[in-house]
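Please look over the sequence and the model below before reading on. The briefing is meant for someone meeting this structure for the first time.

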Amino acid sequence: MEKTLVIIKPDAVKKNLIGEIISRFEKNGLRVAALKKLKMTKEQAMGFYVVHKDRPFYESLTDFMSEGPCVVMVLEGEDAIAKVRKIMGATNPAQAEEGTIRKDFAENIERNAVHGSDSPQSASYEIPYFFSALEIL
Ligand code: ATP
Ligand code: MG
């Protein structure tokens, strides 16, 4: 069983989509192993997305991720990382497949409703960024 870190981003939380989004993951066989709502500071958002620090969108992305509360969770299941990314859809909603979360709920390439770890290495950085071992069940 693989674990991945998922974030329901501030745009989707603001639109009251927490339940709808979690439900899509659960219906696809993923299990919630840990879950909480929090509001990141700018610095915390910068630390989370540090891999993108040299990208032109880093400043704007970290402003967005710290503008309001988000929901962070650990999802567990077979091939959880790939499965979550398929359910989320492409980064740019204009390119996302029908029926994906981003196709249905993202506003644009930045305000795109959800985050999911892109590899086991990312998951092993991202999961402990928000959760201690005692909180993952
Ligand atoms: P995430 O890491 O959030 O799951 P992703 O892996 O699909 O998304 P990344 O390339 O890792 O995409 O980009 C991280 C986030 O940065 C995107 O989800 C989006 O919010 C934002 N982003 C990516 N590309 C752009 C861009 N060209 N312009 C503005 N924001 C962008
Ligand atoms: Mg990514």
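The notes below deal with the ligand site and the pocket around it.

This is a predicted model, in which local features need pLDDT of at least 70, side-chain atom pairs count only at pLDDT 80 or more, and totals for chains, interfaces and linings use all residues. Residues are numbered from 1 along each chain as its sequence is written, chains are lettered from A and ligands numbered from 1 in the order in which they are written, and side-chain values use heavy atoms, with hydrogens and water left out.

**Ligand 1**

- Ligand 1 is surrounded by 13 residues (each with a heavy atom within 4 Å of it), and the closest are Tyr49, His52, Thr91, Glu110 and Asn112.
- An oxygen atom of ligand 1 lies 2.5 Å from a polar side-chain atom of Thr91, while for His52 such a distance to an oxygen atom of the ligand is 2.9 Å.
- The side chain of Asn112 has an N or O atom 2.9 Å from an oxygen atom of ligand 1.
- On its own ligand 1 has 570 Å² of accessible area (Shrake-Rupley method, 1.4 Å probe), of which the protein covers 82%.

**The largest pocket**

- Ligand 1 takes up the space of the largest pocket, whose volume is about 530 Å³.
- The pocket is lined by 22 residues, and those closest to its centre are Tyr49, His52, Phe57, Thr91 and His115.
- Helix H5 (80-88), strand E4 (114-116) and helix H7 (120-130) each supply at least two lining residues, with the largest share, 3 residues, coming from H7.

Conventions:
A polar contact is a pair of N or O atoms within 3.5 Å; within protein, one must be able to donate a hydrogen and the other to accept it, and residues adjacent in sequence count only if both atoms are side-chain atoms. On a 1 Å grid over the protein atoms alone, a cavity is a set of points where a 1.4 Å probe fits but cannot get out, and a pocket is an open set with protein on both sides within 12 Å along at least five of seven lines; lining residues have an atom within 4 Å of a point. A molecule sits in a cavity or pocket if more than half of its atoms lie within 2 Å of its grid points. Grid points are joined across faces, edges and corners, and a volume is the space filled by probe spheres set on the points. Helices (H or I, at least four residues) and strands (E, at least two) are DSSP runs, numbered from the N terminus.
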